[in-house]
Each structure stands twice: as structure tokens, then as C-alpha cells.
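Hi,

Here's the structure I said I'd pass along. Have a look at it first, and then read on for what turned up.

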Amino acid sequence: MNIILLGNPGSGKGTQAKVLSQKFGLFHVSTGDIFREELSKKTPLGQEVAGYLSAGRLVPDKLVLEVLKSRLAKETRGLLFDGFPRTVEQAEGLDAWFDSRKAAIDAVIFINVSETEVAKRLGDRRTCEGCGKIYNIGTQPPQKPDVCDACGKKLLTRDDDKPGVILKRLQVYKDQTEPLLAYYRASGSFYEADGGQAPESVTAKIVAMLNGK
Ligand code: AMP
């Protein structure tokens with residue numbers, strides 16, 4: 001099974017992707033995580049994408065597609081995409097790649113959350129520097145302030161979760177990623193989940209949709 005999660009930054013794609021990939025035995029592909037990892041290791045790719053990430057702009061399509069293809073060349077598990085594709089050009093590149101592997105996308109799930117709500121969530125989001133676990137200081141705080149419940153490492157605010165960059169990312173989503181909704185709606189395997197509820201309820205709805213396929 002190959003799945004794409006679509007939605008605004010802060011809509012809960014990362015949180016859902018972690019749970020769903022475990023549940024269905026899928027390989028979780030987060031282009032954002034890939035770029036942040038390269039950035040923290042200071043690799044040439046990390047240096048190339050640094051400016052885009054800190055400004056909340058999209059990394060160029062050609063580079064994103066190259067990185068993904070090389071990362072996924074040997075992967076045989078089903079794939080769960082989180083944060084990719086983000087433009088129609090990336091979606092077309094992904095379609096061509098699946099065609100070449102004689103595979104297909106089984107479900108595109110749009111996690112729908114209002115812009116006001118995601119802006120608040122992004123400002124309240126904290127991410128563990130060790131294991132990547134995501135918290136919300138308002139609705140899902142850690143037991144000890146700024147310390148990860150799972151691994152004990154420090155919780156940080158992502159650089160691109162700072163106020164000015166949040167606004168830019170939401171605008172970029174509207175301009176460049178939202179057109180994907182129409183692209184995939186036409187495909188027949190498009191599902192929409194109300195992402196305004198608690199993460200567990202959103203997961204339950206998505207699981208029910210996937211099991212009913
Ligand atoms: P995310 O963690 O998915 O919100 O991604 C963080 C940042 O990484 C984005 O704001 C972009 O700068 C970059 N990025 C992640 N995925 C993509 C993608 N598919 N296309 C272009 N840029 C991306």
C-alpha cells in the first residue's frame with residue numbers, strides 16, 4: 001500500500017504518519033525530516049537546502065525529486081509520504097516514478113485543519129531534539145517542561161516554527177500545495193479527514209477509511 005498525507009503545515013501529518021506507518025508496516029517518507037537531518041549533519045545537501053528551510057520556502061522540485069528517488073531506489077516496503085509532494089510538478093514526478101516501478105498510489109488523505117488553528121499549533125509545537133517526538137505545549141504538553149517523555153532529551157522550537165516563517169509557510173502552502181487537492185481529487189482515491197480533532201480520533205477515522213478501501 002502506498003499512501004500520501006496532504007495538509008497544511010501543522011495539520012498533524014507527521015504525528016499521523018508515525019502511527020500509521022507502524023500500524024500498516026509502511027516506510028515513512030518525510031522530506032522535511034530528510035532535509036533537517038542533512039542540515040544537522042552539515043552535509044553538502046544540507047547546506048544547499050538550508051536557506052529554503054529557514055525562509056519557509058520550498059526546495060526546488062528537481063532537487064527534491066532527485067533526493068527522493070535515490071533514497072527510495074532500494075526500498076521495497078509500501079510508502080507513506082508526509083510533506084511530499086508539495087507541488088503539481090512533484091506529484092507528476094511521483095506518478096512517473098510509480099509507473100516506472102509498476103506501482104501506484106492507493107490513497108491520498110487530506111487532513112483538513114483551518115488556517116487559524118494550524119497557525120496556533122505551529123507556534124505551540126515543540127519537537128524533541130533526540131527522537132523527533134512532537135508535542136503541543138497547549139494541548140499535549142510533556143510531563144516535565146521542555147523535556148521529552150519518551151527519551152529525556154530537550155524539546156526545541158523548530159526554526160521555521162517562529163512567527164514570521166509560519167506565515168510564509170502557510171502562504172506557500174496556499175499558493176503551491178493547495179492545487180494538489182484538485183489534482184488528486186480527480187484520481188478517485190482521495191479521502192478527507194477532519195484534522196481538527198484529537199490525534200487519536202483522526203487516526204481512528206483514517207484507519208477506518210483505509211480498512212474500508
Ligand atoms: P516540513 O517538515 O514538511 O514542514 O518541511 C520543512 C521544510 O522543508 C519546508 O518548509 C521546505 O522548506 C522543505 N521541504 C520539505 N518537503 C518539501 C518538498 N516536498 N518540497 C519542497 N520543499 C520541501
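Below is what was found, beginning with the ligand and moving on to the helices and a couple of backbone details.

One thing to keep in mind: this is a predicted model.

**Around the ligand**

Start with the ligand, which has 17 residues around it. The closest of these are Thr31, Arg36, Arg57, Arg86 and Gln90. Two of those arginines also turn up in polar contacts: the side chain of Arg36 has an N or O atom 2.9 Å from an oxygen atom of the ligand, and a polar side-chain atom of Arg86 sits 3.0 Å from a ligand oxygen. Val59 joins in through its backbone, where a polar atom is 3.0 Å from a nitrogen atom of the ligand.

How much of the ligand's accessible area does the protein cover? On its own the ligand has 480 Å² of accessible area, and the protein covers 96% of that.

As for where the shell comes from, two elements give two or more residues to it: α2 (31–40) and α3 (44–55). Of the elements, α2 gives the most, with four residues. By residue type, the shell splits into seven nonpolar, six charged and four polar residues.

**Helix packing**

Two helix pairs are worth finding on screen. A pair of packed helices is described by the angle between the axes and the distance between them.

- Helix α1 (residues 13–24) packs with helix α9 (residues 199–211) at an angle of about 45°, and their axes are 10 Å apart. That angle is why α1 and α9 count as oblique to each other. The crossing of α1 and α9 is right-handed.
- Helix α6 (residues 115–124) and helix α7 (residues 163–177) cross at roughly 140°, with axes that come within 10 Å. Angles over 145 degrees would count as roughly antiparallel, so α6 and α7 are oblique to each other. The crossing of α6 and α7 is right-handed.

**Backbone details**

Most peptide bonds are trans, and most residues other than glycine have a negative phi. Two spots here go the other way.

Which residues does a cis peptide bond join? They are Phe84 and Pro85, with omega at about -5°. You'll find Pro85 in the loop between β3 (79–82) and α5 (88–100).

The other spot is Lys42, a residue other than glycine whose phi is positive, near 55°. Lys42 lies in the loop between α2 and α3, the two elements that each give two or more residues to the shell around the ligand.

Over to you, and happy browsing!

Key. Residues are numbered from 1 along each chain as its sequence is written. This is a predicted model: local features need pLDDT of at least 70, side-chain atom pairs count only at pLDDT 80 or more; totals for chains, interfaces and linings use all residues. Side-chain values use heavy atoms; hydrogens and water are left out. A residue is near a molecule or strand if one of its heavy atoms lies within 4 Å of it. A polar contact is a pair of N or O atoms within 3.5 Å; within protein, one must be able to donate a hydrogen and the other to accept it, and residues adjacent in sequence count only if both atoms are side-chain atoms. Accessible areas come from the Shrake-Rupley method with a 1.4 Å probe; for residues, only the protein chains shown count as cover. Ala, Val, Leu, Ile, Met, Phe, Trp, Tyr, Cys and Pro count as nonpolar, Asp, Glu, Lys and Arg as charged, and the others, Gly among them, as polar. Axes are lines fitted to C-alpha atoms, for helices over the stretch in contact, and angles run from 0 to 180 degrees between N-to-C directions. Angles under 35 degrees count as roughly parallel, over 145 as roughly antiparallel, 65 to 115 as roughly perpendicular and the rest as oblique. A crossing is left-handed if the near helix is turned anticlockwise from the far one by less than a right angle, and right-handed if clockwise.
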